[in-house]
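Got the viewer open? Here are a few exercises to work through, each with a solution you can follow on screen.

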Amino acid sequence: QVQLVESGGGLAQAGGSLRLSCLASGHTFNKHMGWFRQAPGKEREFVAVSKWSGGSTYYADSVKGRFTISRDNAKNTVYLQMNSLKPEDTAVYYCAASLDGSSRPEEYAYWGQGTQVTVSS
């Protein structure tokens with residue numbers, strides 16, 4: 001079992017920045033950690049993933065160059081640094097863990113409760 005708790009969401013202006021954190025507990029060893037988001041009326045979509053080993057990261061095209069995922073395994077924490085925010089980034093952001101590390105939300109067995117990010121224009 002893995003428990004995930006997100007924090008750091010809030011309100012930002014377009015062009016601003018926010019940093020999300022995800023504290024993991026339980027059996028976090030060898031889990032790939034991802035961030036997803038869901039806007040009202042839309043499906044949950046992949047944002048970024050950090051692979052367990054090797055430091056590999058992958059991003060959705062919509063956030064590439066603006067968002068950065070990082071993890072501190074010693075602290076069991078994953079971060080999502082979001083820069084140059086746009087109103088279309090407004091969504092509930094979820095942290096998730098999986099053994100697969102893909103971009104498909106159905107491959108992730110463990111989810112946090114989500115944190116709201118709102119970007120005003």
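A disulfide here is a pair of cysteine sulfur atoms within 2.5 Å. Keep in mind that this is a predicted model.

**Exercise 1. Find out how many disulfides there are, and what they tie together.**

Solution.
- Step 1: Apply the cut-off above, and you end up with one disulfide.
- Step 2: Name the partners. C22 is joined to C95, with an S to S distance of 2.1 Å, which is within the 2.5 Å limit.
- Step 3: Put them on the fold. C22 sits in strand β3 (residues 18–26) and C95 in strand β9, so the bond ties together parts that are 73 residues apart in sequence.
- Step 4: Check the handedness. The S-S torsion of C22 and C95 is about -80 degrees, so this disulfide is left-handed.
- Step 5: Buried or exposed? For C22, the relative accessibility is 0%, so it counts as buried. C95 also comes out at 0% and is buried.

**Exercise 2. Trace the open sheet that contains β1, and work out which face of β1 is covered.**

Solution.
- Step 1: Get the order. Four strands make an open sheet, running β1-β3-β8-β7, with antiparallel pairing.
- Step 2: Find the edges. These are β1 and β7 (67–72), each of which pairs on one side only.
- Step 3: Look at the angle between neighbours. On average, neighbouring strands of this sheet are turned by 15 degrees against each other, ignoring direction.
- Step 4: Zoom in on β1 and β3. They run antiparallel and are joined by six bridges. Q3 has S25 as its bridge partner in β3, while E6 has C22, the cysteine from the disulfide.
- Step 5: Sort the side chains. In a regular strand they alternate between the two faces of the sheet. In β1 (residues 2–7), V2, L4 and E6 make up the covered face, and Q3, V5 and S7 the uncovered one.

**Exercise 3. Work out which strands feed the largest nonpolar core.**

Solution.
- Step 1: Know what to expect. In soluble globular proteins, nonpolar side chains tend to be buried together.
- Step 2: Look at the core itself. The largest one has 32 residues, and those with the most contacts inside it are L4, W35, V47, F67, L80, M82 and Y93.
- Step 3: List the suppliers. At least two residues each come from β1, β3, β4 (32–38), β5 (45–50), β7, β8, β9 and β11 (115–120). The top contributor is β9, with five residues.
- Step 4: Follow one member. Leaving out residues up to four places away in sequence, L80 touches ten you can click through: L18, R19, L20, W35, V47, A48, F67, T68, I69 and Y93.

**Exercise 4. Inspect N76, S84 and D89, and say what is notable about each loop residue.**

Solution.
- Step 1: Recall the usual backbone. Most residues other than glycine have a negative phi.
- Step 2: Check N76, in the loop between β7 and β8. Its phi is positive, about 55 degrees, although it is not a glycine. At 32% relative accessible area, N76 is partly exposed.
- Step 3: Check S84, in the loop between β8 and β9. Its phi is positive too, near 50 degrees, and at 41% S84 counts as partly exposed.
- Step 4: Move on to D89, which lies in the loop between β8 (77–82) and β9 (91–98). D89 is buried, at 1% relative accessible area. Beyond its neighbours within four places in sequence, D89 contacts R37, R66, F67, S84, V117 and V119.

Conventions: Residues numbered from 1 in each chain as written. Predicted model: local features only at pLDDT ≥ 70, side-chain atom pairs only at ≥ 80, totals over all residues. Heavy atoms only, no water. Buried < 20%, exposed > 50% of the residue type's maximum accessible area, 1.4 Å probe, protein only. Contact = heavy atoms within 4.5 Å. Pairing = 2+ DSSP bridges. Axes fitted to C-alpha atoms, helices over the stretch in contact; angles between N-to-C directions. Core = buried A, V, L, I, M, F, W, Y, C linked by side-chain atoms within 4.5 Å.
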